[in-house]
Amino acid sequence: MTDTPESGRRGRAGTLFSGVPPAREITVFVVAAYAPAWAVHAPLLFSGAGPTDPAYGLAATVYMFTPGLAAVAVTLLVWRPRGFARALGLTPPTPWRRVGGYSLLAFVLLPLLGVAAALVAGVVGAVQLDLVNFSGLREALADFVPEQAAAMPETGFPTAVYLSALGLLLVTSVPALVMAFGEELGWRGYLLPRLLPMGVWPALVASGVIWGLWHSPQLVIQYLHGGFDAARVGLFLVFCVVAGVVFGWLRLASGSVWPAVIAHGANNALNMVGFLTLSAAGTEGNALLYPGGLGGLVGLGALAAVAAVLALTGQVRVRAFDRAGTDQGRSRPAR
């Protein structure tokens with residue numbers, strides 16, 4: 001039996017991945033995720049407050065939990081599967097070591113892509129790199145861990161201080177992981193599996209588009225206050241689709257939402273590590289070509305390269321273990 005949605009049409013294992021997506025249920029989910037997202041940003045839109053206003057940061061924190069809350073509500077009240085945790089990918093149909101392996105891969109992959117993007121940006125002239133004295137890194141360390149940075153050697157790579165700062169960064173990144181869970185529970189925990197009857201690639205693209213457009217309140221505020229122009233808005237939406245392919249692959253390959261959560265959190269918290277490590281002091285990125293991290297055309301290219309490799313090697317597919325647990329996705333009869 002091949003690991004494709006189409007093969008699931010044969011027998012009882014096809015109940016989750018054949019037919020058509022539950023349009024009404026998905027519509028309810030999208031409305032439940034989008035409406036609060038706009039509601040928490042409405043005061044900023046009406047008052048004209050911009051991204052530098054503290055209220056913007058508060059609204060951003062709150063709204064990142066709206067997809068997860070929508071997923072929980074729709075799963076419990078509309079979908080009502082036999083296994084809530086299994087249906088949302090919280091408990092996998094595979095051994096936890098598989099989930100752990102893909103989670104570790106996700107944690108390493110996103111920062112490494114940030115390093116690769118910084119190197120490519122240096123090659124194409126989007127940023128200036130310093131691979132000898134690491135002046136940009138020294139500047140960043142002086143701001144982040146000033147006491148340890150005072151003891152840095154004058155030349156070479158400041159390994160001890162770097163590792164100390166990296167450990168502190170990991171500790172302070174926990175909130176980013178929590179907020180990523182708020183998103184991924186909705187997008188890859190709930191939405192992607194429910195769209196799979198469309199086929200794997202249509203489901204990945206559709207979920208990525210829905211994820212990207214969910215950012216509209218913040219994109220509007222950024223646009224109105226000069227943070228994003230039309231080109232950067234469009235680039236961000238494409239980024240969401242491509243990143244959604246990578247995050248979605250982690251979800252499908254592991255049978256769990258946790259690797260996607262780790263990848264999303266690592267992207268939000270750690271994708272600038274490569275740029276800060278390799279750039280020269282005072283260098284500034286190009287907003288459209290490469291602003292740092294996995295942003296711009298260069299960052300998008302790094303993610304697209306991973307998605308292309310996954311596609312060409314046949315990794316983006318529904319696994320057999322998903323069909324083995326399809327009873328978890330079947331709705332309980334209404335009372």
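Here are some questions and answers about this predicted model.

Q: What is the angle class of α6 and α8: parallel, perpendicular or oblique?
A: Two packed helices are described by the angle between their axes and the distance between the axes. Here the axes of α6 and α8 (residues 159-172) come within 11 Å and cross at roughly 55 degrees. Angles under 35 degrees would count as roughly parallel and 65 to 115 as roughly perpendicular. That's why this pair of helices, α6 and α8, is called oblique.

Q: Is the crossing of α6 and α8 left-handed or right-handed?
A: We've got the angle, roughly 55 degrees, but there's also a direction of turn to name. As α6 passes α8, the crossing is left-handed.

Q: Which residues in α8 do L137, L141 and F144 meet?
A: Start on the α6 side, where L137, L141 and F144 sit. Their partners across in α8 are V161, Y162, A165, L168 and L169.

Q: How does α10 lie to α12, parallel or oblique?
A: The axes of α10 (residues 200-214) and α12 (residues 230-254) come within 8 Å and cross at roughly 130 degrees. An angle has to be over 145 to count as roughly antiparallel. So α10 lies to α12 at an angle that is oblique.

Q: Which hand does the crossing of α10 and α12 have?
A: Plenty of residues meet here: W201, L204 and W211 are among those in α10, and C240, F247 and L252 are among those in α12. As for its hand, the crossing of α10 and α12 is right-handed.

Q: How many residues apart in sequence are the parts that E25 and R194 tie together?
A: The structure holds 2 salt bridges. In one of them, the side chains of E25 and R194 meet, at 2.8 Å from N to O. E25 lies in α1 (residues 23-47) and R194 in α9 (residues 174-195), so the pair ties together parts whose separation in residues is 169.

Q: In which loop is R80, with its positive phi, found?
A: Most residues other than glycine have a negative phi. R80 isn't glycine, yet its phi is near 55 degrees. You'll find R80 in the loop between α3 (66-79) and α4 (84-87).

Q: What value is the phi of F134 near?
A: F134 sits in the loop between α5 and α6. F134 is another residue other than glycine with a positive phi, near 55 degrees.

Q: What is the area of the nonpolar surface patch that includes V124?
A: V124 is in the loop between α5 (96-123) and α6 (135-144). It makes the patch along with V120, V123, L288, L289 and L297, and the area is about 510 Å².

Methods
Residues numbered from 1 in each chain as written. Predicted model: local features only at pLDDT ≥ 70, side-chain atom pairs only at ≥ 80, totals over all residues. Heavy atoms only, no water. Patch = residues over 30% accessible without salt bridge, like charges linked within 9 Å, V, L, I, M, F, W, Y side chains within 5 Å. Areas by Shrake-Rupley, 256 points an atom, 1.4 Å probe, with all protein chains shown as cover. Salt bridge = Lys/Arg side-chain N within 4 Å of Asp/Glu carboxyl O. Helix = DSSP H or I, 4+ residues; strand = E, 2+ residues; numbered from the N terminus. Axes fitted to C-alpha atoms, helices over the stretch in contact; angles between N-to-C directions. Left-handed = near helix turned anticlockwise from the far one by under 90°. Contact = heavy atoms within 4.5 Å.
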